[in-house]
Structure formats: structure tokens, C-alpha cells
Amino acid sequence: MANVIVIGAQWGDEGKGKITDLLSRSADVVVRSQGGVNAGHTVVVAEQTFKLHLIPSGILYPKTECIIGSGTVIDPQVLIEEIEQLKALGVTVDNLNISQTAHVTMPYHREIDKASEESRGEYKIGTTGRGIGPTYADKSERTGIRVLDLMNPEHLRKQLGWTINYKNVILEKLYNLPPLDPEKVIAEYLKYAEFLRPFVIDSSLKIYEAVKEKKNILFEGAQGTLLDLDHGTYPYVTSSNPIAGGACVGAGVGPTTIDRVIGVAKAYTTRVGEGPFPTELNDNVGELLGNKGAEFGTTTGRRRRCGWFDAVIGRYAVRINGLDCLAITKLDVLDELPEIEICVAYEIDGEICHHFPTNASQFANCKPVYKTLPGWQESTTGCRSLSDLPHNALNYLKYLAELMKVPIAIVSVGPGRDQTIIVEDPIHGPKRALLDADGIPV
């Protein structure tokens, strides 16, 4: 038995969907612990592409229990659309469960989110406008609506009657927007409630029972370490905690439940939205990475900014999350390049820094210090073991592991399930991978 957290080790969009789908085949339970419809996972099975926003990737395995945990924020309309789309594609959702204590995104959250972002002008954060930040803000302010509130029509009417009138003052007076009709909103959400009612459970209890039964549990996060509200590149962050500690909070389990933490990182780096990005490439290489890597957001369709692999933020992700091992994705995107750069340190005001600076102004002024490695200029998409990889591709992976000080367990060389090199199974395998003869991560 092993309970594993899968964490994004960069700014999100690292390919966690594929890795969680891959690991879900060995899991009895998959738990989505935080985030909302501002995140997305893309999973390719055979010729079919599945774009998931709230539902855990394990839904594609009918015998795997899937739980949307209490740390998530749920837009019922989007969730229902996602359920219906899966059913239309022949995927059962009988194994889906929704936490009764998860908070609900309301229409006023979306309106306030978009209006607030627009009012920032040049200081925009890059929010998706899906109402996630305002939903979490109401949660902290203790004025939020939870799934269990949807299940009680009389209570919902009382709570929303006051809340919508309060939010209308903000919409009208602060943003000059038309008010929402409380009765219309209440009727809409009561309809959502009846659709979702069969899925609603006490998620923490269900997870606890799975732990006691020694089942394999996979905790799936959204976004990435550098978007963490407390430990990311604030203020250009999300509104929740996508780090490993946040998974425990969002799922409702203690840290002693967790056996391993696996970080997912691309073989290069991407970022969507605003904020500093030291290794960003605004040249032909950056364009190649974006086009070949299909770097467009699953949720918004926005083009992602692309750059070289950044080992400084990688080491930070190892430290913040307590990573045991790594999954490196999209290695194949680098196949054509004659040379590949890796950021090994930053230069800040003339000083060399090997650690991630939490001071936002310092981070904005970082200049990357690069190590140049030879490319391999061979296709890796057909490789299924480390021995299949071109010599320089294997050396590239070894150098990443050396810089990050953790072993590499999985290497992805394409979007398909089969386009994967599994060095070790993080759920069933030992806690070492990709070792040299002396037992040192290479």
C-alpha cells in the first residue's frame, strides 16, 4: 500500500494529467485536493483526448474511486457539463464523489473576478476570470456557499438572499455592473443541486476508511508549486495551496498518511499569465517549444510562455514539497535542438544565487546563469526504456536529477499513455530511481 501526492514542480501545466492518469491504474482512490475550474488536465487515451477541469484523472478507470475534495471550489455548471461530456464519450461517472464541504463558485464570483482583474490595468495578475479567487476569499471571510448548503433548499434561500443583495452592492457601486436577480440564481443552483445530489459524500471520512483498509490513494493537485498562495511568486499566484502540504489540508488527512510525493516537471519551463519568468525565450526556440509542445492552456486556450529548464525553481519545489522523485514530461519537445540550456543559478545585482529568492522584486531582477548541454537531434517518441534514449538525452536527464538532488522515476516522450518510460512505479516501487553504480541520484 502507498499513498502518493502528485505535485506540479513548476508554474503548473507540467503534464500532471498524464502522470496522474498513469498512476491511477495502480490506485484504488484518486483525490483532487484543491483548485477549481481555473485548472485543467489533458489526458490522451488511444486517439481520444479528455480535457478535465474538476474531475480527477482517475475517472478513466471505472474501478477507481474518484473524490473531489473539500479544498476544491466547484462551479456546478462546469462540473455538470464535464460529467455529461464524459458520459457522452462512454466514460462512467458512477465512481465519482463530491465533498459536501467543498465551496461553490457563484455567478457573482465570476463577475467580480473579471471586473476586478480589468480594474487592475497594468497590474493585472492574469486570472482566468472563472471566479476562483473570490470563491476562496468568501471561504476565508466565512460567507461562502458549500455543497452541503446546496442540498438544503430552505437554508440556501436564506443564505443566498442576503449574500446576493450584499454582492449586488459591490457589482453596482464599485464596478458599475447590473445586479443579479436572487430568485433566478437560487432557482438555477437548486437545479444543479438535484443533479449533483447522488455524488455528494463526507469525503474526509471516505478517505479515512480507505486508509484504514490499506488502499492505494493518489492525491492529485492542480496548478504548480510556484503558483502557491503562500510559497509562490506572489502576487502572481493562484488562490489555494498546490504544494504537498495543501493536499493534506484539501483532502482532510494527516501528513503521516502520505508515503511519497512525486513532482512533475517539463523538460523545459512554461508559464501562463503575468509575472516574472527568468528563463523565458522570446525567440525562435521559444516559438518552437510552444508550437511543438502544444503550449496552450487546457482551460483558457491562452498561449503559454516558454523557456529553458530552471533548476533553481526545481530545487525550491523539492524543498517546499519534500519531493521523493520526479516525473519529467515532454522530453520529446527538445528532440530537434542542437544545444539545450539549463538554468543552474541566478545572478542578482551582480551576486550568484543558487536558491529561489522569495523577495518578489529580487526575483523580477534575476538573470539566469546557464549550463549548455549538447542536444541529441533524434526522435525520442518511440523510446520505452532508458536504454532506448539517445546518449545525450539520457545525459540531460541525469544532469537534471543531479541538479535537483532527487531521482527521476518517470519520463514522458509524448502525449499517449504508452509514450512513457517508467523507471520505477512510485506507488509500488522502492524509494530510489535512476541511480548510478554508487547508489547516488544521477
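I will go through the overall dimensions of this chain, then its sheet, one helix and one glycine.

To begin with, this is a predicted model. The chain has 442 residues, and its radius of gyration is 22 Å. A compact globule with that number of residues would come out near 22 Å, so the value agrees with the rule. Taken along the principal axes, the C-alpha atoms fill a box of roughly 65 × 50 × 40 Å.

How much of the chain is buried? Of the 442 residues, 57% are. The accessible surface comes to about 18200 Å², and carbon and sulfur atoms hold 50% of that. As for charge, there are 45 positive and 55 negative charges, and their mean positions lie 3 Å apart. On contacts, take those with a separation of 6 or more: 76% of them are between residues 24 or more positions apart.

Now the secondary structure. The chain contains 13 helices and 20 strands. An open sheet is formed by 10 strands, with mixed pairing, and the order is 9-7-5-2-10-1-11-15-19-20. The edges are strand 9, residues 200–201, and strand 20, residues 420–422. Each of these has a single partner strand, so one side of each has no neighbour in the sheet.

Let me stay with strand 9 for a moment. Strand 7, residues 96–99, runs parallel to strand 9, and two bridges join them. In that pairing, Ile-98 of strand 7 stands opposite Val-200 of strand 9.

Next, helix 4, which covers residues 132–141. Which of its residues are buried? They are Ile-132, Pro-134, Thr-135, Tyr-136 and Asp-138. The cover over these buried residues includes two strands, strand 6 (73–74) and strand 8 (103–104), and two helices, helix 3 (107–119) and helix 6 (153–174). After helix 4 comes Arg-142, with a positive phi near 65°.

One of those buried residues, Tyr-136, also takes us to the glycine, because Gly-35 is buried and touches Tyr-136. Gly-35 sits in the loop between strand 2 (29–32) and strand 3 (41–45). Why does Gly-35 count as buried? Its relative accessibility is 1%, and the cut-off for buried is under 20%. Leaving aside residues up to four places away in sequence, Gly-35 also touches Gly-71, Thr-72, Val-73, Gln-223 and Ser-240. Val-73 falls in strand 6 (73–74), which is part of the cover of helix 4.

A last distance: Gly-35 and Ala-364 are 329 residues apart along the chain, and their C-alpha atoms are separated by 26 Å.

Technical notes: Residues numbered from 1 in each chain as written. Predicted model: local features only at pLDDT ≥ 70, side-chain atom pairs only at ≥ 80, totals over all residues. Heavy atoms only, no water. Buried < 20%, exposed > 50% of the residue type's maximum accessible area, 1.4 Å probe, protein only. Helix = DSSP H or I, 4+ residues; strand = E, 2+ residues; numbered from the N terminus. Contact = heavy atoms within 4.5 Å. Rg over C-alpha atoms; globule rule 2.2 N^0.38 Å. Areas by Shrake-Rupley, 256 points an atom, 1.4 Å probe, with all protein chains shown as cover. Lys, Arg positive; Asp, Glu negative; His and termini not counted. Charge placed at Lys NZ, Arg CZ, Asp CG, Glu CD. Pairing = 2+ DSSP bridges.
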